[in-house]
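Please open the model in your viewer and keep the selection tool at hand. The tour below goes from one selection to the next and says what is to be found at each.

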Amino acid sequence: MDDYKKYVEAVNKIYEYLNIMKTKWDSQDNYNYIESIEEYKPIVIKYADDFKKNSEEESL
């Protein structure tokens, strides 16, 4: 498995666990913390795309 796939799997697990925590924890404070982490999701996706492009360029 290449580094890009490992990165994507790790990020997907993080957000999967955040969704589970959001449904299981009823504390509003915890929910707000999770929401603040999820605000970074677009940035993480952008860097995943950049990481993929760099991986493809290196393999050429």
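Begin by selecting Glu-38 and Lys-22, whose side chains meet in a salt bridge with an N to O distance of 3.0 Å. Glu-38 lies in helix H2 and Lys-22 in helix H1, so this pair ties together parts that are 16 residues apart in sequence. Bear in mind throughout that the model is a predicted one.

Stay on Glu-38 and colour by accessibility: at 17% relative accessibility this residue counts as buried, since the cut-off for buried is under 20%. If you now display its surroundings, leaving aside neighbours within four places in sequence, you will find Glu-38 in contact with Tyr-15, Leu-18, Asn-19 and Lys-22.

Next, keep Lys-22 and add Glu-35, because the side chains of these two residues also meet in a salt bridge, here at 3.2 Å from N to O. Lys-22 belongs to helix H1 (residues 3-24) and Glu-35 to helix H2, so the pair links parts that are 13 residues apart in sequence. Both residues are partly exposed, Lys-22 with a relative accessibility of 21% and Glu-35 with 29%.

Move on to helix H3, which spans residues 41-59, and select Asp-50 together with Lys-46, where a further salt bridge joins the two side chains at 2.8 Å, N to O. The two residues are 4 apart within helix H3 and are therefore separated by about one helical turn. Asp-50 is partly exposed at 27%, and Lys-46 is likewise partly exposed at 45%. Returning to the earlier selections, salt bridges that share partners join Lys-22, Glu-35 and Glu-38 into one network. How many salt bridges does a search of the whole structure find? The search finds 3.

Now turn to the surface and select Tyr-40, Ile-43 and Tyr-47, which make a nonpolar patch of about 350 Å². Within this patch, Tyr-40 sits in the loop between helix H2 (28-38) and H3, and with a relative accessible area of 52% this tyrosine is exposed.

For the last stop, select Asp-2, Asp-3, Glu-56, Glu-57 and Glu-58, which together form a negative surface patch. Helix H3 gives the most to this patch, with 3 residues. Centre the view on Glu-57, which has its place in helix H3 and counts as exposed at 54% relative accessibility.

Definitions and conventions:
Residues numbered from 1 in each chain as written. Predicted model: local features only at pLDDT ≥ 70, side-chain atom pairs only at ≥ 80, totals over all residues. Heavy atoms only, no water. Patch = residues over 30% accessible without salt bridge, like charges linked within 9 Å, V, L, I, M, F, W, Y side chains within 5 Å. Areas by Shrake-Rupley, 256 points an atom, 1.4 Å probe, with all protein chains shown as cover. Salt bridge = Lys/Arg side-chain N within 4 Å of Asp/Glu carboxyl O. Lys, Arg positive; Asp, Glu negative; His and termini not counted. Charge placed at Lys NZ, Arg CZ, Asp CG, Glu CD. Buried < 20%, exposed > 50% of the residue type's maximum accessible area, 1.4 Å probe, protein only. Contact = heavy atoms within 4.5 Å.
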